[in-house]
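User: Could you walk me through this protein? I'm new to reading structures.

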Amino acid sequence: MIKVLFICHGNICRSPMAEYVMKDLVKKSGYEDEFYIASAATSTEEIGNHIHYGTRTKMRKVGIPTDNRVAVQMRRSDYEKYDYIIGMDHWNYKNILRIIGEDTEGKVSLLLEFAGSSRDIADPWYTGNFDQTYEDILEGCEALLHTILLEGRL
């Protein structure tokens, strides 16, 4: 089973959006039983809060279901649990490393790296642009799934 953990600052906008987009992609590809996908925060600010209404609204518009989950914080032990730990931006990449220590197995990356880009996924909490965030996340998740399939990990 491939285990993927998406990370952003608060776990209410970008990382849950990536979690649900990836779950939808693997389900549509017929690999749902081969994946465990989750998301978490690097900060404690939003712990216990529900997904941002902008993320829920965007997911509903594109026909991707969400559930009634709340924000959780990444733990050091997550490094051993997951095959891929994927940050949404460079700031959170640094915070992931602060939480886990060292990335000795090369599990940590930025989502858009799988699509050949080093740019960050903008935080819609600040930009208000959930459409652009969705487009970037979709691009990254499609590339991630393609990479996993090319690597023959399933």
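Here are some questions and answers about the sheet, the helices and the largest pocket.

User: What is the order of the strands in the open sheet?
Analyst: Keep in mind that we're looking at a predicted model. The sheet is an open one with four strands, and the pairing is parallel. Read across, the order is β2-β1-β3-β4.

User: Which strands stand at the edges, each with a single partner strand?
Analyst: In an open sheet with the order β2-β1-β3-β4, look at the two ends of that list. A strand there has a single partner, so one side of it is left without a neighbour in the sheet. The edge strands are β2 and β4 (108-110).

User: By how much are neighbouring strands of this sheet turned against each other on average?
Analyst: Here we ignore which way the strands run. The average turn between neighbours is 25°.

User: Which residue in β4 does I86 stand opposite?
Analyst: Strand β3 covers residues 84-87, and it pairs with β4 in the parallel sense over three bridges. Opposite I86, on β4, stands S109.

User: At what angle does α6 run to β1?
Analyst: Helix α6 lies across three strands, namely β1, β2 and β3. Taken against β1, its direction makes an angle of about 155°.

User: How far apart are the axes of α2 and α6?
Analyst: Two packed helices are described by the angle between their axes and the distance between the axes. For α2 (residues 53-61) and α6 (residues 130-150), the angle is about 65°, and α2 passes α6 in a right-handed crossing. On the α2 side, G54, T55, K58 and M59 make the contact, with F130, D131 and Y134 on the α6 side. The axes are apart by 10 Å.

User: Which element gives the largest share of the lining of the largest pocket?
Analyst: The largest pocket has a volume of about 190 Å³, and its lining has 16 residues, with L5, A38, S39, V72 and Y82 nearest the centre. At least two lining residues come from each of α1 (14-28), β2 (35-41) and α3 (78-81). The largest share is five residues, and they come from β2.

User: How many residues of that lining are charged?
Analyst: Sort the lining of the largest pocket by type, and you get eight nonpolar and two polar residues. The charged ones number six.

How values were computed: Residues are numbered from 1 along each chain as its sequence is written. This is a predicted model: local features need pLDDT of at least 70, side-chain atom pairs count only at pLDDT 80 or more; totals for chains, interfaces and linings use all residues. Side-chain values use heavy atoms; hydrogens and water are left out. On a 1 Å grid over the protein atoms alone, a cavity is a set of points where a 1.4 Å probe fits but cannot get out, and a pocket is an open set with protein on both sides within 12 Å along at least five of seven lines; lining residues have an atom within 4 Å of a point. Grid points are joined across faces, edges and corners, and a volume is the space filled by probe spheres set on the points. Ala, Val, Leu, Ile, Met, Phe, Trp, Tyr, Cys and Pro count as nonpolar, Asp, Glu, Lys and Arg as charged, and the others, Gly among them, as polar. Axes are lines fitted to C-alpha atoms, for helices over the stretch in contact, and angles run from 0 to 180 degrees between N-to-C directions. A crossing is left-handed if the near helix is turned anticlockwise from the far one by less than a right angle, and right-handed if clockwise. Contact means heavy atoms within 4.5 Å. Two strands pair if DSSP finds at least two bridges between them.
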